[in-house]
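Visitor: I would like to take a close look at a single part of this structure, and I would be glad if you could guide me through it slowly.

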Amino acid sequence: MTVNGHVIIPDDVRDALGLHPGDLVSFERSGGTVRLFKGQEPAAQTFEDRLARARALSAPLPLGMTTDEYMSWIREPLE
């Protein structure tokens with residue numbers, strides 16, 4: 001994982017999912033397991049899933065960044 005949180009997906013996983021540059025992917029966390037999905041994040045199945053997602057989305061911005069600084073930071077191009 002890079003300093004910016006970018007993850008490299010191995011070739012065999014990309015091939016199995018039919019992923020290509022620019023495709024959307026999402027991750028779903030359940031306990032100690034993380035699943036990778038091609039496309040948009042699947043809908044939460046339980047109230048606990050929805051609550052966990054809401055809490056993650058409302059977490060404070062890192063390092064005291066403004067919203068504009070944070071948006072610029074997460075939109076940095078892959079190198």
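Visitor: In which helix do Asp-11 and Arg-14 lie, and how many residues apart are they?

Guide: Keeping in mind that this is a predicted model, we can begin with helix H1, which covers residues 11–17 and holds both Asp-11 and Arg-14, placed three residues apart, or about one turn of the helix. The side chains of Asp-11 and Arg-14 meet in a salt bridge, with 2.1 Å from N to O, and Arg-14 has a relative accessible area of 31%, so Arg-14 counts as partly exposed, because that class lies between under 20% for buried and over 50% for exposed. The count of salt bridges comes to two, and the other pair is Glu-28 with Arg-35, whose closest N and O atoms are 3.7 Å apart. Glu-28 is partly exposed at 24% relative accessibility, and Arg-35 is also partly exposed, at 45%.

If we then turn to the loop between H1 and strand E1 (25–30), we find Asp-23 there, a residue that is partly exposed with a relative accessible area of 32%. The side chain of Asp-23 reaches the backbone nitrogen of His-20 at 2.7 Å, and, when neighbours within four places in sequence are left aside, Asp-23 is in contact with Gly-18 and Lys-38. Although Asp-23 and Gly-39 are 16 residues apart along the chain, their C-alpha atoms are separated by 7.0 Å.

Notes:
Residues numbered from 1 in each chain as written. Predicted model: local features only at pLDDT ≥ 70, side-chain atom pairs only at ≥ 80, totals over all residues. Heavy atoms only, no water. Salt bridge = Lys/Arg side-chain N within 4 Å of Asp/Glu carboxyl O. Helix = DSSP H or I, 4+ residues; strand = E, 2+ residues; numbered from the N terminus. Buried < 20%, exposed > 50% of the residue type's maximum accessible area, 1.4 Å probe, protein only. Contact = heavy atoms within 4.5 Å. Polar contact = N/O pair within 3.5 Å; in protein donor to acceptor, adjacent residues only side chain to side chain.
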